[in-house]
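Colleague: I have just opened this one and have not looked at it before. Could you walk me through it?

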Amino acid sequence: MRRAGFGLLALLALAACESSVDRQRATACRRAVPALAPAGTTPKILRIGAGPTSDDLRVDYAVTGPATRAARQRWVVCGFGPGAELLAVTTEHGPLNGAALYLLKHYYLDTPEAAAADPGAGGP
């Protein structure tokens, strides 16, 4: 009985870690959206789901604003390494190059501005 209890506890701890990583990945990918959306638009998260591989996350969003005549739907796929390490970002226009990804990761995603602009902070 004790082994079963320990196994269940270990399984629950592992599930909690996985959901924490999933939340961190979703937050990072969501926060990238305002930086990738066209200037003068306001993004709205439509859906967050699995990407093409198990380490990818896809965010579908719409943009509205004076720079667009009608709401346009767009998407971004974020590729992750171990944990919540962002390794790649691809939009409908193609993948971000290394310099753009570096700048996004190191000078935007962890800033107060990114947290304030997070279009899904309330949760989709």
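Modeller: We can begin with the overall layout and then turn to salt bridges, the core, some single residues and the surface.

Modeller: Please keep in mind throughout that this is a predicted model.

Colleague: Fine. How many helices and strands are there in the chain?

Modeller: The chain has three helices and five strands, and read from the N terminus their order is α-β-β-β-β-β-α-α.

Colleague: And how much of the chain counts as buried?

Modeller: Of its 124 residues, 31% count as buried. The chain exposes about 7,800 Å², and 59% of that area is supplied by carbon and sulfur atoms.

Colleague: What about contacts between residues far apart in sequence?

Modeller: If we take the contacts between residues at least 6 apart in sequence, 40% of them join residues at least 24 apart.

Colleague: Let's switch to charges. How many salt bridges does the structure hold?

Modeller: There are six salt bridges in the structure, and among them is the one between Arg30 and Asp118, where the closest N and O atoms are 2.7 Å apart. That pair links distant parts of the chain, since Arg30 belongs to helix α1 (residues 2-36) while Asp118 is in the segment after α3 (112-117), 88 residues apart.

Colleague: Are those two buried or exposed?

Modeller: Arg30 is buried, with a relative accessible area of 10%, and Asp118 also counts as buried, at 9% relative accessibility.

Colleague: Which residues are linked with Arg30 in a network of salt bridges?

Modeller: Arg30, Arg31 and Asp118 are linked in such a network. The side chains of Arg31 and Asp118 meet in a salt bridge with an N to O distance of 3.6 Å, and here too distant parts of the chain are linked, with Arg31 in helix α1 and Asp118 in the segment after α3, 87 residues apart.

Colleague: Is there one involving strands that I could look at?

Modeller: You could look at Arg47 and Asp60, whose side chains meet in a salt bridge at 3.2 Å, N to O. Arg47 lies in strand β1 (residues 42-50) and Asp60 in strand β2 (residues 56-64), so this pair ties together parts that are 13 residues apart in sequence.

Colleague: How accessible are they?

Modeller: Arg47 is partly exposed, with a relative accessible area of 39%, whereas Asp60 is buried, with a relative accessible area of 14%.

Colleague: New topic, the inside. Which residues of the largest nonpolar core touch the most other members?

Modeller: That core has 21 residues, and Tyr61, Val76, Cys78, Leu86 and Val89 are the ones that touch the most other members. At least two core residues come from each of α1, β2, β3 (72-80), β4 (86-91) and α2, and α1 gives the most, with five residues. As background, nonpolar side chains in soluble globular proteins tend to be buried together.

Colleague: Take Val89, then. What does Val89 touch?

Modeller: If residues up to four places away in sequence are not counted, Val89 touches Leu36, Val76, Val77, Cys78, Gly94, Pro95, Leu96, Leu101 and Leu104.

Colleague: I also had my eye on Arg25. Is Arg25 buried or exposed?

Modeller: Arg25, which lies in helix α1, is buried, with a relative accessible area of 12%. Leaving aside neighbours within four places in sequence, Arg25 is in contact with Ser54, Asp55, Leu57, Phe80, Gly81, Gly83 and Ala84.

Colleague: And the loops, is there anything to point out there?

Modeller: Thr41 sits in the loop between α1 and β1 and is buried, with a relative accessible area of 14%. A polar atom of the Thr41 side chain lies 2.5 Å from the backbone oxygen of Pro38.

Modeller: Another one to look at is Thr111, in the loop between α2 and α3, whose side chain reaches the backbone oxygen of Tyr108 at 2.7 Å. The C-alpha atoms of Thr111 and Arg31 are separated by 10.0 Å, and these residues are 80 apart along the chain.

Colleague: Last one, the outside. Which residues form a nonpolar patch on the surface?

Modeller: Tyr102, Leu103 and Tyr107 form one, and together they have about 370 Å² of accessible area. Of this patch, Tyr107 lies in helix α2 (residues 98-107) and is exposed, with a relative accessible area of 58%.

Definitions and conventions
Residues are numbered from 1 along each chain as its sequence is written. This is a predicted model: local features need pLDDT of at least 70, side-chain atom pairs count only at pLDDT 80 or more; totals for chains, interfaces and linings use all residues. Side-chain values use heavy atoms; hydrogens and water are left out. Patches are made of residues with over 30% relative accessible area and no salt bridge: like charges are joined within 9 Å, nonpolar side chains (Val, Leu, Ile, Met, Phe, Trp, Tyr) within 5 Å. Accessible areas come from the Shrake-Rupley method with a 1.4 Å probe; for residues, only the protein chains shown count as cover. A salt bridge is a side-chain nitrogen of Lys or Arg within 4 Å of a carboxyl oxygen of Asp or Glu. Helices (H or I, at least four residues) and strands (E, at least two) are DSSP runs, numbered from the N terminus. Buried means under 20% relative accessible area, exposed over 50%, partly exposed in between (1.4 Å probe, protein chains only). Contact means heavy atoms within 4.5 Å. A polar contact is a pair of N or O atoms within 3.5 Å; within protein, one must be able to donate a hydrogen and the other to accept it, and residues adjacent in sequence count only if both atoms are side-chain atoms. A nonpolar core is a set of buried Ala, Val, Leu, Ile, Met, Phe, Trp, Tyr and Cys residues joined through side-chain atoms within 4.5 Å.
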